[in-house]
Amino acid sequence: MTAENQPVAEMIDATTELLEEDSISVADVVEDLGHSSMSAMLLLPAMAVVSPLSGVPLFSTICGMLIFLIAGQMALGRDHLWLPDWLRRQRVSSDRARKVLGPMRRMARFLDRHTEARVKILLRQPFLTIPRVICALCGLAMPFLELVPFSSSTLGIVVSSLAVAMLTRDGLVMLVALLLLTAAGVGLPYLLI
């Protein structure tokens, strides 16, 4: 990606600008990123689930519900994001958000450096519906993984990868994410035995 085209870093920077207040709400982030960038909206809770915040009780559940709602609407072809009012009112302290956004910014720069528009056919319909549905299902599973701390982080990595692929138009990243999901699906039963 060129210096002018850094969609992941731009999304993190836009969110960081909101942290002048004591806390930040989901509604603040939605309004700042805009309704048109649903891939960016999907990436934020997915990256948050990968962070140490996923150990906070109910944090993975809230992020999972956000992922499910956003990816579900993307799969249905909506171009305008709707979230229930109670979810839009959820707040996180600015100090806690800054701690999460610091490592996210480094990750965003890495992703922007190593992604580009490749294997673009995977990011066109009807193929584009597949990662959107997978993201929705991963988000739906996260509340059930709440009982095992940090277990939702694996699904967060998959959703983050798929969101990055959609945001940067990189089909190769999508293929890697789908392989990771397949490996996790095959390995999970062995971990539970």
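Student: Which residues lie nearest the centre of the largest pocket, and how many line it?

Tutor: The lining has 27 residues, and V26, A48, F59, C63 and V92 lie nearest the centre. The model is a predicted one.

Student: How much space lies in that pocket?

Tutor: The largest pocket holds about 540 Å³ of space. Rolling a probe the size of a water molecule over the atoms shows where empty space is left.

Student: Which elements each supply at least two residues of the lining?

Tutor: They are β1 (23–25), α2 (26–33), α3, α4 (59–75), β2 (91–93) and α6 (94–114). The protein has 9 helices and 2 strands, and from the N terminus on they run α-β-α-α-α-α-β-α-α-α-α.

Student: C63 was named near the pocket centre. Why is C63 called buried?

Tutor: The relative accessibility of C63 is 4%. Buried means under 20%, so at 4% C63 counts as buried.

Student: What makes C138 buried, and why does C138 form no bond with C135?

Tutor: C138 has a relative accessible area of 6%, which is under the 20% limit, so C138 is buried. As for a bond, the closest cysteine sulfur to that of C138 is in C135, 6.4 Å away. A disulfide needs the two sulfur atoms within 2.5 Å, so 6.4 Å is too far for a bond. A disulfide is a covalent bond between the sulfur atoms of two cysteines. The structure holds 0 disulfides.

Student: Why is α3 described as largely enclosed by the rest of the structure?

Tutor: Of the 13 residues of α3, 12 are buried, so the helix is largely enclosed. The buried residues are M38, S39, A40, M41, L42, L43, L44, P45, A46, M47, A48 and V49.

Student: How do you know that the length of α3 agrees with what is expected of a helix?

Tutor: Helix α3 covers residues 38–50, which is 13 residues. The expected span is 1.5 Å times one less than the number of residues, so α3 should span 18 Å. The end C-alpha atoms of α3 are 19 Å apart, which agrees.

Student: Take S39 in helix α3. Why is S39 counted as buried, and what does S39 touch?

Tutor: S39 has a relative accessible area of 13%. The cut-off is under 20%, so S39 is buried. Leaving aside neighbours within four places in sequence, S39 is in contact with M74, A163, M166 and L167.

Student: How do you know that α8 is mostly covered, and how does its span work out?

Tutor: In α8, 15 of the 17 residues are buried. With 17 residues at 1.5 Å a residue, α8 should span 24 Å, and the end C-alpha atoms are 24 Å apart, so the two agree.

Student: What comes just after α8?

Tutor: R169 does, with a positive phi of about 65°. R169 has this phi although it is not a glycine. R169 lies in the loop between α8 (152–168) and α9 (171–192).

Student: Is R169 buried, partly exposed or exposed, and why?

Tutor: The relative accessibility of R169 is 36%. Partly exposed lies between under 20% for buried and over 50% for exposed, so R169 counts as partly exposed.

Student: Why does A141 get the label partly exposed while A14 gets the label buried?

Tutor: A141 has 27% relative accessibility, so A141 counts as partly exposed. A14 has 17%, so A14 counts as buried. The cut-off for buried is under 20%.

Student: Where are these two alanines, and what is close to them in space?

Tutor: A14 lies in helix α1 (residues 7–16), and A14 touches D32 and L33, not counting residues up to four places away in sequence. A14 and L33 are 19 residues apart in sequence and 6.9 Å apart in space, C-alpha to C-alpha. A141 is in helix α7. A141 and G64 are 77 residues apart in sequence, with 7.3 Å between their C-alpha atoms.

Student: What are the lowest and highest mean pLDDT values among the elements?

Tutor: Helix α1 has the lowest mean pLDDT, 71, and helix α7 (residues 129–141) has the highest, 92. For the protein, the mean pLDDT is 78, and 88% of residues reach 70 or more.

Note on methods: Residues numbered from 1 in each chain as written. Predicted model: local features only at pLDDT ≥ 70, side-chain atom pairs only at ≥ 80, totals over all residues. Heavy atoms only, no water. Helix = DSSP H or I, 4+ residues; strand = E, 2+ residues; numbered from the N terminus. Buried < 20%, exposed > 50% of the residue type's maximum accessible area, 1.4 Å probe, protein only. Contact = heavy atoms within 4.5 Å. pLDDT = per-residue confidence, 0-100. 1 Å grid on protein atoms, 1.4 Å probe; cavity = no way out; pocket = protein on both sides within 12 Å on 5 of 7 lines; lining within 4 Å. Points joined across faces, edges and corners; volume = space filled by probe spheres on them.
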